[in-house]
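Hi everyone, thanks for coming. I'd like to walk you through a structure that is new to most of us, so please have a look at it first.

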Amino acid sequence: MKQYAYYPGCSLESLAKPYQLSAKEVSLALGLDLREIEDWNCCGATAYFPVDELLAYTLVARNLAIAEKTGLTDFVAPCSACFKNAYYTNNYLKKDPDLADHINFALEEDSLHVEGTLKVRHLIEVVLEDVGLEAVKNKVAHPLAGLKVAPYYGCQLLRPRKDHEDVENPQYFEELLSAIGAEPLEYASKTRCCGASLIITNRKAALEMVHLLLKEAIERGADVIVTTCPMCNVNVEVYQSQVNREFGTNYSIPVMYFTQLMGMAMGIAPRRLGIAREPVPKAQAPVSA
Amino acid sequence: MTAELSFNQEIANMMYATHGNPISHCLQCGTCSGTCPAVEFMDYTPRAIIGMIRENFKDEVLASNTYWSCASCYHCTVRCPAGIDIADMMYALKRYSMWKSRFKEGLIGPDFSEGFVKMIVNSGKSFEPILATTYLPKFSAGDLVQEALTATGLVLKGKIPLLPKRIKRLKKFQRMVKRIIPLGELS
Amino acid sequence: MNVQKRLIIIDDDPDFVGGIKSILERAEYQVDTAYNPKDGFQALQARRYDLLLLDIMMGRGAEGIALARKIRKDPKLREMPVLIITSVREQIAFLFPGQAVHPNFVDVDELVEKPVEPKLLLEKVSALIKAAEEKHLQPQ
């Protein structure tokens with residue numbers, strides 16, 4: 001089994017516990033050995049950059065340095081914001097020797113050193129590239145036939161652009177959903193922002209963003225919205241009642257992590273995927289399949 | 001007296017290390033404004049802000065809510081035909097306003113950033129932003145979060161630990177931070 | 001006759017730079033300016049300076065610290081006296097409230113906090129230049 005340096009990120013220890021559970025179960029079943037790195041710290045999300053970007057890079061670099069020490073080559077994050085921060089910090093460390101030197105000077109305090117040699121990847125990329133769609137299909141025990149799924153890419157998984165890839169209309173999430181027998185829906189909001197921390201700092205704006213997303217997915221007939229990021233998941237799921245109050249709607253659609261949906265298709269028991277621990281019950285969702 | 005630097009040049013200096021093109025490349029095409037998911041809630045659109053910076057409308061730019069309304073989703077950045085990292089420019093404006101304490105009154109963003117960074121420096125870990133507010137004073141949004149969590153039974157079911165975990169090597173972590181930000185006792 | 005001393009200020013705050021530049025020029029120094037660390041380092045490589053006045057918070061963050069470390073590692077620049085003039089405590093006051101600035105892991109010659117008294121500034125500048133000259137004249 002290939003081993004990966006696994007960085008869960010803070011959310012997976014609290015609100016996104018179902019993501020943690022399902023990511024581990026599904027990875028194991030797919031032959032991916034996720035090794036959680038020791039004593040990792042918060043990646044800073046988007047909050048450091050308005051204060052000091054060098055500090056932001058340093059905190060991410062500490063996690064990269066801890067992962068490098070394991071000797072593993074791939075750094076895997078299930079959270080899109082953690083992934084984006086790790087990906088770009090790793091890149092900048094490689095390209096900017098002055099930055100790397102300064103950050104390594106700070107890391108000395110914790111007897112660490114970073115080179116920027118890791119391959120930083122999001123969990124969904126690992127599933128698609130290292131496992132592959134064919135192998136995923138072979139693991140499906142209960143194809144989710146007839147289940148209409150709105151894949152929600154969100155922001156930080158896709159952006160900023162890394163290497164000329166299609167960030168306007170990516171298809172890989174849809175392909176993964178098809179592989180587990182579900183029916184992916186096309187909808188324009190799939191790459192629009194969920195509002196992220198604006199849910200706190202500019203509530204009206206964020207609720208409007210969540211509202212548009214829910215509206216489009218539901219109008220297209222979605223049974224469930226599927227995400228790759230704790231922040232997206234929480235914003236779209238937890239704030240449905242606020243959206244309903246603000247906009248006079250009556251939305252109640254389940255929101256799941258892609259690993260939860262994969263786990264269901266693969267026949268893993270719901271409780272082991274953290275299902276029934278979420279705010280919006282999944283009872284009406286895919287089990288019928 | 002020496003010629004004073006324009007606001008446009010000040011922002012260019014804040015962005016000297018940006019990975020995109022300088023904002024002087026802006027065509028004023030408005031793609032960013034058309035793309036921005038938060039534009040309706042901004043005092044000025046991103047396109048207008050860039051134009052105002054270039055025309056040195058320093059007070060107006062700083063007093064607007066535009067840059068603190070940016071969710072850093074990078075949609076504008078990937079679409080900008082002039083190759084400007086506009087989300088990065090918003091970060092530069094946030095830093096400028098934080099360092100000089102010059103931002104619009106009543107915004108939550110600066111307090112939130114401050115509280116979040118403080119939380120991480122003190123523990124090495126965070127709750128996700130929406131949870132952070134529950135534990136950080138001063139946030140008017142605290143009630144909203146509490147309500148959302150209660151409505152969905154999350155708090156009652158005991159799904160959330162009461163305090164963020166701490167990393168093990170916290171002291172060393174803090175010394176690391178102090179090598180970057182030269183403040184505080186070195187102990 | 002004394003050769004005129006040449007100083008450089010690397011600081012992103014135009015008001016502050018304008019202020020101390022005129023104080024220093026009135027005291028017969030030649031003063032160059034740079035408003036970000038990159039331009040500043042280029043200027044330092046282009047010609048010799050008798051003293052650097054350096055800010056901490058610029059561009060991405062506490063870049064002055066990184067620049068000071070880089071200068072101390074550079075064989076051509078390491079002898080140049082560096083005076084840090086900063087308001088970092090005010091700029092990100094919330095992080096370690098009430099606590100001192102401590103760039104003592106950076107080998108700089110002196111640190112003062114803004115705002116700076118003109119008289120104190122001139123004293124420090126001339127003392128640092130003098131000390132550097134004496135060090136230079138001493139037989140190794």
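**A helix across a sheet**

Let's start with helix 5 of chain A, residues 123-131, which lies across strand 1, strand 2, strand 3 (74-77) and strand 4 of chain A. Helix 5 runs at about 100° to strand 4 of chain A. Before I go on, please keep in mind that this is a predicted model.

Now to the strands under that helix. In what order do the four strands of this open sheet of chain A stand? The order is 2-1-3-4, and the pairing is parallel. At the edges you find strand 2 (32-36) and strand 4 (119-122) of chain A, each of which pairs on one side only. On average, neighbouring strands of this sheet are turned by 40° against each other, if we ignore direction.

Let me zoom in on one pair. Strand 1 of chain A, residues 2-6, runs parallel to strand 2 of chain A, and five bridges join them. If you want a spot to click on, try A:Tyr6, whose bridge partner in strand 2 of chain A is A:Glu36. As a general reminder, strands of a sheet pair through backbone hydrogen bonds, either parallel or antiparallel.

Next, the other sheet I'd like to show you. This is an open sheet of four strands in chain A too, with the order 6-5-7-8 and parallel pairing. Why is one side of strand 6 and of strand 8 of chain A left without a neighbour in the sheet? Strand 6 (183-184) and strand 8 (255-257) stand at the edges and have a single partner strand each, so one side of each stays free of a neighbour in the sheet.

Inside this sheet, strand 5 (residues 148-152) and strand 7 (residues 224-227) of chain A pair in the parallel sense over four bridges. Here A:Ala150 stands opposite A:Ile225 in strand 7 of chain A. A helix packs on this sheet: helix 12 of chain A, residues 258-265, touches strand 5, strand 7 and strand 8 of chain A. The direction of helix 12 makes about 80° with that of strand 8 of chain A.

Let's step back to the domains. Chain A is assigned domain 1 (2-123) and domain 2 (141-269), and their C-alpha centres lie 24 Å apart. How many residues are in contact between domain 1 and domain 2 of chain A? On the domain 1 side there are 18, and they meet 18 residues of domain 2. Helix 1 (17-29) and helix 3 (80-95) of chain A are the elements giving two or more residues to the domain 1 side, and helix 1 gives the most, with seven residues. By class, that side has 11 nonpolar, five polar and two charged residues.

Chain A also touches chain C, with eight residues from chain A and eight residues from chain C. On the chain A side, helix 2 (53-69) and helix 4 (97-107) each supply at least two residues. That side divides into four nonpolar, one polar and three charged residues.

Finally, chain C itself. Chain C has five helices and five strands, and along the sequence they follow the pattern β-α-β-α-β-α-β-α-β-α. Its C-alpha trace spans about 50 × 35 × 25 Å along the principal axes. A compact globule of 140 residues would have a radius of gyration near 14 Å, and the 15 Å of chain C agrees with that. Of its 140 residues, 43% count as buried.

How values were computed: Residues are numbered from 1 along each chain as its sequence is written. Chains are lettered from A and ligands numbered from 1 in the order in which they are written. This is a predicted model: local features need pLDDT of at least 70, side-chain atom pairs count only at pLDDT 80 or more; totals for chains, interfaces and linings use all residues. Domain bounds come from an automatic or database domain assignment. Two residues are in contact if their C-beta atoms, placed from the backbone, lie within 7 Å. Ala, Val, Leu, Ile, Met, Phe, Trp, Tyr, Cys and Pro count as nonpolar, Asp, Glu, Lys and Arg as charged, and the others, Gly among them, as polar. Two strands pair if DSSP finds at least two bridges between them. Axes are lines fitted to C-alpha atoms, for helices over the stretch in contact, and angles run from 0 to 180 degrees between N-to-C directions. The radius of gyration is taken over C-alpha atoms; the globule rule is 2.2 Å times the number of residues to the power 0.38. A residue is buried if 20 or more other C-beta atoms lie within 10 Å of its own, exposed if 12 or fewer, and partly exposed in between; C-beta atoms are placed from the backbone.
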